[in-house]
Amino acid sequence: MGHIKEGEVAVDESEILDLVGRHNPDCGGLMAILEEIQAAYGYLPEAALRLVANATNRSLVDVYGVATFYRSFSLHPRGRHHVCACLGTACHVRNAPSIVEELERQLGIRAGETTSDREFTLETVNCLGACALGPIVVVDGKYYSKVDVAAVKRILDDARTTPEQVDLSSAPASA
Ligand code: FES
């Protein structure tokens, strides 16, 4: 599996302009516009952000300011499953780098990338606030604690058999 290069998604100009027209051009409206674009494309393509800036009489930097401020927005294509491995200090000293390497090896991508079939996005984070349970890997809102390299295959297989993404805010933590 390879990773998706930016610019692969074709943006439908009339669809974006229709969408902009359905919202107030104020700040709250901009959030709603970006949310709809992300829902439609899975991320915020640069071409779409340029159209939004023109249609709402904003500078492109203002639109990027909002797009990059909220973690729920992504400027890169994301996969159906989101894998996030902690590389904070406590997890790092418990072998987290080897876990990230194994995730990268099994998915065929580097951290920060998405598989070409758009099944998985792999990211790393610095401390998830559960250091005593580290190393921690979170997949689609489900926490895996005290992860070792041997567990990586099972974690990815679990994700493959999970039909829908789970909202992180409503997901129970599994220790
Ligand atoms: S360092 Fe990983 S949870 Fe804190």
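Reader: Which residue in strand 3 does Val83 stand opposite?

Author: Val139 is the one across from Val83 in strand 3. Bear in mind that this is a predicted model.

Reader: And how do strand 1 and strand 3 pair there, parallel or antiparallel?

Author: Antiparallel, over three bridges, with strand 1 covering residues 81-86 and strand 3 covering residues 137-139. Cys84 takes part as well, with Val138 as its bridge partner in strand 3.

Reader: What about strand 1 and strand 2, what's the sense of that pairing?

Author: Parallel, and over six bridges. Val83 turns up here too, standing opposite Leu122 in strand 2.

Reader: OK, so what's the strand order in the whole sheet?

Author: The order is 2-1-3-4, in an open sheet of four strands with mixed pairing. Strand 2 (120-125) and strand 4 (142-144) each have a single partner strand, so they stand at the edges and one side of each is left without a neighbour in the sheet. From one strand to the next, the twist averages 20 degrees.

Reader: Which helices pack on it? Start with helix 6: which strands does that one touch?

Author: Helix 6, residues 96-107, touches strand 1, strand 2 and strand 3, and its direction makes about 155 degrees with that of strand 1. Helix 7, residues 152-160, packs on the sheet too, touching strand 1, strand 3 and strand 4. The direction of helix 7 makes about 15 degrees with that of strand 3.

Reader: Back to strand 1 for a sec. How many of its residues are buried?

Author: Six of the six, so strand 1 is largely enclosed by the rest of the structure.

Reader: Which residues sit on which side?

Author: His81, Val83 and Ala85 are on one side, with His82, Cys84 and Cys86 on the other, and both faces are covered. In a regular strand, side chains alternate between the two faces of the sheet.

Reader: And what's the buried share for the protein chain?

Author: Buried residues come to 29% of the 175 residues.

Reader: Let's switch to the helices. At what angle do helix 3 and helix 4 cross?

Author: Roughly 120 degrees, and the axes of helix 3 (residues 46-55) and helix 4 (residues 60-69) come within 9 Å. Helix 3 and helix 4 are therefore oblique to each other. The crossing is right-handed.

Reader: Which residues make that contact?

Author: From helix 3 you have Leu49, Arg50, Val52 and Ala53, and from helix 4 there are Leu60, Val63, Tyr64 and Ala67. By class, that contact has seven nonpolar residues, one charged and no polar ones.

Reader: Helix 1 packs on helix 3 as well. How far apart are their axes?

Author: They are 10 Å apart, and helix 1 (residues 13-21) packs against helix 3 at about 45 degrees. That angle makes helix 1 oblique to helix 3. The handedness of this crossing is right-handed.

Reader: Who meets whom between helix 1 and helix 3?

Author: Helix 1 brings Glu13, Ile16, Leu17 and Val20, which meet Ala48, Leu51, Val52 and Ala55 of helix 3. The classes here are seven nonpolar, no polar and one charged. Val52 is also listed in the contact of helix 3 with helix 4.

Reader: Last one, the big picture: how many helices and strands in the protein chain?

Author: Seven helices and four strands. Along the sequence the pattern reads α-α-α-α-β-α-α-β-β-β-α. As for contacts with a separation of 6 or more, 63% are between residues 24 or more positions apart.

Conventions: Residues numbered from 1 in each chain as written. Predicted model: local features only at pLDDT ≥ 70, side-chain atom pairs only at ≥ 80, totals over all residues. Pairing = 2+ DSSP bridges. Helix = DSSP H or I, 4+ residues; strand = E, 2+ residues; numbered from the N terminus. Axes fitted to C-alpha atoms, helices over the stretch in contact; angles between N-to-C directions. Contact = placed C-beta atoms within 7 Å. Parallel < 35°, antiparallel > 145°, perpendicular 65-115°, else oblique. Left-handed = near helix turned anticlockwise from the far one by under 90°. Nonpolar A, V, L, I, M, F, W, Y, C, P; charged D, E, K, R; others polar. Buried ≥ 20, exposed ≤ 12 C-beta atoms within 10 Å, placed from the backbone.
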